[in-house]
Amino acid sequence: MNTIESILSRNDFEREEIVYLLQSRGEEQVFLHKRAQQVKLEMIGNKVYLRGLIELSNRCTKNCYYCGIRLGNEKVKRYMVSDEEVLSAASFAYENKYGSVVLQAGECTNKTYILQVENLLKEIMKLSNNELGITLSLGEQSKDTYKRWRDAGAKRYLLRIEASNKELYTKLHPHTHSYEERLKCLYDLKELNYQVGTGVMIGLPYQSLEDLADDLLFFKSFDIDMVGMGPYIEHKETPLFAKHTELLSPNERYQLSLNMIAVLRLMMPRINMAASTAMGSIVEGGREAAIRIGANILMPNLTPFTYRENYFLYDGKICIEESQEDSLVNLQALVTRAGADIGFAEHGDSLHYWNKQ
Ligand code: 5AD
Ligand code: SF4
């Protein structure tokens with residue numbers, strides 16, 4: 001047995017073994033990806049579930065060093081999608097059998113906004129006869145707010161830890177952002193019985209392979225239900241852009257992201273994992289490849305076109321122009337190219353979550 005075969009003969013990898021797997025290229029990488037693909041098919045099947053993504057607002061009170069819509073970027077034209085537009089996008093998702101929607105926005109914690117989201121959740125439940133699954137991705141909030149939103153109909157929450165190593169986290173955020181607070185939010189969400197999703201960026205400045213291995217071990221020890229991760233892509237109007245000459249090449253960040261997805265699928269066979277927009281932005285066909293080797297969630301963009309160019313997290317983000325990259329016909333073609341089927345009108349909940357209940 002060669003090294004990769006002997007590592008893959010078990011699924012409770014040690015940190016050094018994960019590092020070895022993340023570095024694999026060539027034949028070893030093919031072997032890793034094939035194994036992950038097999039495990040995915042056996043454990044969760046061949047379906048890809050859709051989450052219609054509505055980027056509610058690009059207003060954000062935070063200043064993450066990597067993000068294009070950070071508070072400090074004065075070049076961003078700030079917007080908030082109107083309630084009517086949100087509900088019309090949700091109706092579109094419902095009528096076209098997407099199964100679920102995601103409401104995502106920068107971080108905002110004022111009372112009016114919290115009530116507005118609560119109301120939107122109730123309205124979306126109403127217009128879809130309580131059938132649409134709703135995921136929120138609205139940053140750090142109080143436990144009370146999370147509870148309000150859960151009671152109003154949200155059942156999943158995405159809050160990426162971004163980097164599970166506190167030291168690395170501190171290098172990517174101003175000191176006013178707290179790693180402990182972020183962790184606490186994840187625990188609160190868990191206590192409120194949300195399906196909890198987290199994730200990290202891959203190929204960040206200062207990030208080592210050991211950090212990435214620790215990220216995967218963090219997902220496992222936190223017993224996360226869903227993961228969204230993808231390559232870090234630089235944005236010119238951010239402080240972290242100063243480090244862009246030290247980055248791995250886009251292809252290296254992409255290969256590393258594929259390996260992260262494959263290894264995590266082996267470690268946590270029944271979680272939901274997204275083929276992130278960043279995967280499709282860094283390499284054409286990136287989302288298809290992610291699905292082939294382990295991902296089972298796609299988040300087609302349903303944000304009204306007039307706003308999309310203002311939700312510019314990183315350079316080269318796809319689905320901004322009116323080219324309908326995420327039209328139903330194209331989604332179907334994408335999923336077919338990935339050798340999978342779309343689970344129309346299904347929630348596609350995390351099986352990992354339901355196994356725990
Ligand atoms: N590159 C890749 N992903 C990014 N995000 C923010 N900025 C970038 C970037 N420059 C991701 C973060 C955040 C999610 C909404 O987008 O992980 O959680
Ligand atoms: Fe705001 Fe999220 Fe961007 Fe940080 S990553 S600046 S919290 S939108």
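Where does ligand 2 sit? I looked this up first and found ligand 2 in the largest cavity. I note that the model is a predicted one.

**Entry: ligand 2.** I listed the residues around ligand 2: C60, K62, C64, Y66, C67, I69, R70 and G106. I then sorted this shell by character and obtained five nonpolar residues, one polar residue and two charged residues. With glycine counted as polar, I assign the polar place to G106. The charged residues of the shell are K62 and R70.

**Entry: ligand 1.** I next asked which residues surround ligand 1. The shell consists of Y66, C67, Q104, R160, E162, M201, P231, Y232, I233, L313 and Y314. Y66 and C67 appear in this list, and I had already recorded Y66 and C67 around ligand 2. Ligand 1 likewise sits in the largest cavity. Its shell divides into eight nonpolar residues, one polar residue and two charged residues.

**Entry: polar contacts of ligand 1.** I looked up three distances here.
- A polar side-chain atom of E162 is 2.5 Å from an oxygen atom of ligand 1.
- A polar backbone atom of I233 lies 2.7 Å from a nitrogen atom of the ligand.
- A polar backbone atom of Y66 lies 3.0 Å from a nitrogen atom of the ligand.

I then checked how much of ligand 1 the protein covers. Ligand 1 exposes 400 Å² when taken alone, and the protein buries 88% of that area.

**Entry: salt bridges.** How many salt bridges does the structure hold? I recorded 26 salt bridges. I examined one of them, the pair K317 and E55, whose closest N and O atoms are 2.9 Å apart. K317 lies in the loop between α13 (305-308) and α14 (328-337), whereas E55 belongs to strand β1 (residues 47-57), so this salt bridge ties together parts that are 262 residues apart in sequence. As general background, side chains of opposite charge can pair when their charged atoms come close.

Note on methods: Residues are numbered from 1 along each chain as its sequence is written. Chains are lettered from A and ligands numbered from 1 in the order in which they are written. This is a predicted model: local features need pLDDT of at least 70, side-chain atom pairs count only at pLDDT 80 or more; totals for chains, interfaces and linings use all residues. Side-chain values use heavy atoms; hydrogens and water are left out. A residue is near a molecule or strand if one of its heavy atoms lies within 4 Å of it. A polar contact is a pair of N or O atoms within 3.5 Å; within protein, one must be able to donate a hydrogen and the other to accept it, and residues adjacent in sequence count only if both atoms are side-chain atoms. Accessible areas come from the Shrake-Rupley method with a 1.4 Å probe; for residues, only the protein chains shown count as cover. On a 1 Å grid over the protein atoms alone, a cavity is a set of points where a 1.4 Å probe fits but cannot get out, and a pocket is an open set with protein on both sides within 12 Å along at least five of seven lines; lining residues have an atom within 4 Å of a point. A molecule sits in a cavity or pocket if more than half of its atoms lie within 2 Å of its grid points. A salt bridge is a side-chain nitrogen of Lys or Arg within 4 Å of a carboxyl oxygen of Asp or Glu. Helices (H or I, at least four residues) and strands (E, at least two) are DSSP runs, numbered from the N terminus.
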